[in-house]
Amino acid sequence: MPRGERPLGPEDTALLRFAGDLRRLRDQAGKPSYRELARRANYSPTALSDAAGGRKLPSLALTLAFVRACEADATPWTRRWRELAAEHAQPLQPNAPYPGIEPFTEHDEKRFFGRECLVEQVVESVKLKPHTVVLGPSGSGRTSLLRAGLVPALDDAVVITPGDDPLHDLAEALAEFFENTTADGLAEEFRADPDHLRLRLRQHRPGLVLLIDDAERVLDAEDFLKAVTGCPHVVLAIRADHQQRWQATGIEATEIVIEPMSADQLRRAITEPAAKIGATVETAVIAHLVADAANQHALPLVQQALVETWRRKRGMTLSFAGFEESGGIEHVVARAAETFYEGLDEEDQRAVRQLLLRLVSVRRNGLAQRGTRRPDLDASLLDRLAKARLVTLTEDGAELTHDAALRWQRLAGWIDEERENLKTHQQLVTAIELWEASDRDPLALYRGVRLRKAKELGEFLTVRERRFVDMSTKRETRRSTALIAVMAVLLALVPGTVVYALANERKITEMNATALGGKALSQSEALLEQRRPYADKYALVGYEVSPSPEAEKVLRLANALARGIPFTGTPKDDADVLVGPRGDMAAVTDQDGTDRMWSIDEDRATPGKRFADRHRVVKLAERRAVTRDFNGDEHLWAVNDVGDISYLTALPRRFRTLDLSPDGSRLVGKVGEAVEIGLPTPDESEHAELYDLSDPSHPRKLPMPVRNPETVALSQDGRELATSTWDPAAGVTTIEFWRIGGTVESAGPVLSQHVYVRGITYSGDGRWLAVEHSAPESIVEVWQRVPSGTPVLRARLDTALRAGARVSFSDDGRVAVVRDNVFEVQQLYTTDRPADRLVYVVGHGNSMRAVYRPQNRDFLVRSGGQDPELLPYDLDTTRIIDRMCHAKDGARLTDSEWVKSFGEVERVEVC
């Protein structure tokens, strides 16, 4: 009989209460044995028992495994664990290599990394010009640059931080440089004649460089500016939101902008300070921080996350376990936000709530994201928010410092409460932008339902937004008054005059259906080029008024762009995107060159886990992925879900994957020197290898029927292999089909081609086979498979493009081909009827295979821009219209947009 648990006794400490709650959680789950919990959690019974023992704090991973094994929600336990861990964390030791959220100082020279190029740029400017201005948003590191970067780099420099009495602060900083004077005396001297500073420096310290921190505070202090700008070497650090005030002074200076740290710069800022004292940072910690903060002004958050990780270090190693326990940047932001908010009085709390919500925009799919606004808020409170690292102040306004702020529990709750108002507000912001872009055309003002909703926002409106609503209200009132007056006049006239007036009104307000449809489509296409809102709504008007193949084409594309699925946050520009065979997941390259898994719903993408550092996915199947590391070696991974990926095994040295069956059961590739698919190679040692992945940790080598084929392809279930062999003397490619089982045997007659074959693709159901020729144009032939017979040619898709083709099939006999930035879809037939072209879109595709999503009955196509975005391209116009009409924001154009484009023409109802 198992021994009972040791009683906890009185739960008079936080640790004992935590252990007691874990035990009660187990009781609520039916009190499974620790052996049963171990089976569910993949931890030993002893470890799980110790977790609820109350003697020491269990690791976060162990705690969450315990909670999940009891089928409870892990989120509140994560938060509670971190609060308890903060109490038990080691005090920060004096030799910690990171300053935390505070700026670097003059004493931090040996741990200030990542800004070497910027320091050199400023030093060179100081040598060439008397005045240099360093501009950067809040949190960009202006103070750190001056104190830890420029002071050590310059031969003679002093940092001056002006306050309420800038001239006295200047005098106090310089008093030690001049004999027989005091700070008070020096200040009075400068007040009497600011030019005395220049004369004193020329006489006593001609090479001294004045580094003015927070110089935005003194842009209105003429005597201070006159004193310092008369000196031969001055650097002023100014926050970016004061750039216009600085430029208004008219002082000539070299302007240097502090850009966000790149991935490499941030990596140095993380690793070099630790290396200086003999410590190391685990690769996973570096990768996570670089992914979360590269190309953002987030170094203070990174430094604080590293400080919290340092408190939990193992020996002299900052481990990933310690980083996870600290909560990373997300926990840093949440704790700073909560501390700041709790320190405010009620009035300021209301103001902060209102401001933070203004810095959030809600997309059409309901996802919240950061936005930039120029808020109407007390400047001192805004400065305090920036100092607390919750808000970044830039030349464009204010924005949340990091996406992690959106996950702060309090702000996330406010967003949920105000979600509808946030959507209305975002629509209002867009309408104001359109109004201003149209030179404030009165026809672009709000009216009707939109105006009523905007009025309901009340205090949520900024001064600019309130002005727009007030002008819309006045125009609406004038329209109503004018209408009443006209009706009164008409009623007073004889009936014949009324008929005449109405007939003329009808002529004015009616527009030919073809003309109206053409105008709507033109407006849609113009908006599409600029990626502006409402393109799909204009396209729907054009299609409903005047249906045509051209109108249908515009509607499909506009709908695809409106439903675009971006990968926001971590991916780099022009990142590689590899979509899984069912279109429900994708591997996308992060800023540091490492691929991350993303789940794809109908119209949004959610980030998951990353592969090992700098591993790039080369093939992605339903349950498997093959990655290539920075040394060129390939590896096999299990992908159960985007949040559940695990390393399986390394593939043979010099192995290059050619194909992975979509179900993940078979793998084929070549072993040799550099292998490039679809090109003949002279390497005689090169050969192909075929593997069975039933036991993916130990791939089993299968007989390969052809030693060194030019091209290979695996069927959906991995049970059939196609190989092509090129005979250069005869100018013939032989395509053979092989059935893979316990042995490998022929699966049908060979297919001979009198051209070089560059690629082969099976359809998911095995009924079709696409063969790409290189002639030199890219030509795709589609063959119908016949059981045990020779394939029958059903379609030949010609093009003038030489770019390689990426071919995919739907489950209803359609074939999609992407060549460079051209995407086309054709309907196939099992008769002699030629294929029908359904889609031909120029500007999208980006050389990525289009993937058919059976669950959504659309194709995912890579957008033509640099951003890693997928377009869900639906060919069913009826389904498109139904989806638009049932969307939350509807399919109708706003009143202002309709009037702006079509005047007083009677509105067309599209739903």
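Which residues are buried in helix α8 (residues 166-174)? This is a predicted model, where local features need pLDDT of at least 70 and side-chain atom pairs count only at pLDDT 80 or more, while totals for chains, interfaces and linings use all residues. Residues are numbered from 1 along each chain as its sequence is written, and side-chain values use heavy atoms, with hydrogens and water left out.

In α8, the buried ones are P166, L167, L170, A171, A173 and L174; buried means under 20% relative accessible area with a 1.4 Å probe, protein chains only. Helices here are DSSP runs of H or I with at least four residues, and strands are E runs of at least two, numbered from the N terminus. The buried set sits on the same side of α8, because it covers an arc of only 165° around the axis, taken from the directions from the helix axis to the C-beta atoms. These residues pack against β2 (157-160), α9 (183-192), α10 (196-204), β3 (209-212) and α11 (222-229), with contact meaning heavy atoms within 4.5 Å.

Over in α11, F224, L225, A227, V228 and T229 are buried. They pack against β1 (131-136), α8, α10, β3 and β4 (234-239).

As for buried residues elsewhere, the text stops at these two helices.

Definitions and conventions: Buried means under 20% relative accessible area, exposed over 50%, partly exposed in between (1.4 Å probe, protein chains only).
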